[in-house]
Amino acid sequence: MDPVIKQIIDAAIWAPSGDNSQPWRFQIIGDKLQIFNIPNRDNPILNFQQSGSYIAHGALIENLDLLTKARGYDSTIILFPDKTNPDLIAEITLARNESDQASDNLEQYINKRHTNRKPYQTGPLDNIAVEALKRVMGQEYGQLVVVTEREKINQLAPLLSQVERIALENKDLHRSFFRSIFWDKVKNQRGEPGLFIKTLELPPPARLLFKLLKFWSATCFANFFGFSRLASKGNAKLYAQSGAYIAIIPKQDDPVGFVNAGRLMQRTWLTATSLGLSVQPVTGILFMARRFLSGDTGNFTQKHIDLALSAYRKITLTIDVSNKNPIAMLLRVGYGKVATARSARMGPTVQLGEF
């Protein structure tokens with residue numbers, strides 16, 4: 001393998017993915033780099049129709065595009081090149097480019113970008129930062145809406161936090177969430193999939209409580225005394241401590257649209273990182289509601305279905321979306337203190353093939 005290509009792949013995998021699932025593998029055939037989805041990596045309940053994984057792959061592809069240009073390559077990207085294999089997300093043809101290429105230097109923030117779940121300052125973002133975010137990538141890959149009005153932020157916060165309540169009241173979602181959490185620092189350093197407990201930014205008492213709440217019976221007992229509602233209110237308070245929200249809306253409601261939305265999200269996130277802003281994705285309620293709208297209600301009660309759909313409709317109304325496509329990603333943005341911990345990445349799986 002070309003050592004430069006290896007360096008590019010090693011850097012590109014620092015892309016966000018649901019629960020740090022890293023749902024990708026690579027194959028190199030001649031001058032072509034193929035990217036495959038691993039369907040069972042991400043949360044099976046919230047990863048509706050693989051849309052979360054498609055967004056993650058979009059972020060990965062954006063990283064690859066930035067990195068190849070910065071290292072003197074041209075990249076031709078074809079999404080879903082094989083209609084018989086939906087797991088083949090993209091085929092990228094690389095070619096050396098000896099001419100000087102203009103760069104916005106966003107590639108230098110790829111390894112610095114991470115999720116920060118701490119409270120942010122509630123004051124408005126700097127006007128320069130807001131304008132820089134609004135200029136991200138134009139409309140090529142989707143619509144970007146920056147919500148800075150304090151009234152709207154306060155309206156969004158309790159709606160977004162409904163997913164925590166549902167997760168604590170639904171056995172399947174509870175099991176999936178707590179299975180993704182781990183306490184082993186070494187495991188995090190190895191970059192294994194899942195959520196390292198310190199990245200959740202829980203205070204020590206709550207961290208200890210989580211060790212009990214992983215048992216469904218203990219959670220049911222706590223919910224009898226209103227714990228799920230209390231947890232939701234606590235997260236609503238956190239979500240309100242933000243300077244802005246950024247919504248990413250795809251140009252089309254299909255896999256290609258969601259991959260491109262992931263590209264737009266990643267460039268937005270890298271731009272925010274370059275501006276010294278903290279970012280946290282808050283999309284659980286959006287993915288859940290899209291599943292319910294499709295008629296796939298699974299093992300959820302009507303109360304939870306109504307709760308999610310009501311929240312989703314109010315979120316859509318609060319955010320001025322000009323097209324009828326779903327919100328693919330919602331980012332909480334603001335000025336925050338340094339994150340306690342961040343998730344590492346596993347080494348990439350790269351297979352060398354032949355024509």
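Student: What percentage of the 355 residues of the chain count as buried?

Tutor: This is a predicted model. A residue is buried when its relative accessible area is under 20%. Of the 355 residues of the chain, the share that meets this is 54%.

Student: What radius of gyration does the chain have?

Tutor: Start from the expectation. A compact globule of 355 residues would have a value near 20 Å. The C-alpha atoms fill a box of roughly 65 × 40 × 40 Å along the principal axes. The chain agrees with the globule value, at 20 Å.

Student: Which residues touch the most other members of the largest nonpolar core?

Tutor: That core holds 93 residues. Helix 2, residues 51-70, gives the most to it, with nine residues. Another core, of 15 residues, lies apart from it and includes Leu168 and Phe178. In the largest core, the two that touch the most other members are Ile315 and Ile319.

Student: Which residues is Ile315 in contact with, leaving aside its neighbours within four places in sequence?

Tutor: Contact here is heavy atoms within 4.5 Å. Neighbours within four places in sequence are set aside. That leaves Leu156, Leu159, Leu160, Ile285, Leu286, Ile327 and Leu330.

Student: In what order do the four strands of the open sheet lie?

Tutor: Find the edges. Strand 5 (142-147) and strand 9 (278-281) each pair on one side only. The pairing is antiparallel, and the twist averages 20° from one strand to the next. The order is 5-8-10-9.

Student: Which residue in strand 10 is the bridge partner of Ser278?

Tutor: Strand 9 and strand 10 (residues 329-334) pair in the antiparallel sense. They do so over four bridges. In strand 10, the partner of Ser278 is Gly334.

Student: At about what angle does helix 4 run to strand 8?

Tutor: Helix 4 covers residues 150-160. It lies across strand 5, strand 8 (244-250) and strand 10. Its angle to strand 8 is about 70°.

Student: Is Gly142 buried or exposed?

Tutor: Gly142 is found in strand 5. Among the residues it touches beyond four places in sequence are Ile249, Pro250 and Leu264. Its relative accessible area is 2%. The cut-off is under 20%, so with 2% Gly142 is buried.

Student: How many Å apart in space are Gly142 and Asn260?

Tutor: In sequence, Gly142 and Asn260 are 118 residues apart. In space, go C-alpha to C-alpha. The distance is 7.2 Å.

Key
Residues numbered from 1 in each chain as written. Predicted model: local features only at pLDDT ≥ 70, side-chain atom pairs only at ≥ 80, totals over all residues. Heavy atoms only, no water. Core = buried A, V, L, I, M, F, W, Y, C linked by side-chain atoms within 4.5 Å. Buried < 20%, exposed > 50% of the residue type's maximum accessible area, 1.4 Å probe, protein only. Helix = DSSP H or I, 4+ residues; strand = E, 2+ residues; numbered from the N terminus. Pairing = 2+ DSSP bridges. Axes fitted to C-alpha atoms, helices over the stretch in contact; angles between N-to-C directions. Rg over C-alpha atoms; globule rule 2.2 N^0.38 Å.
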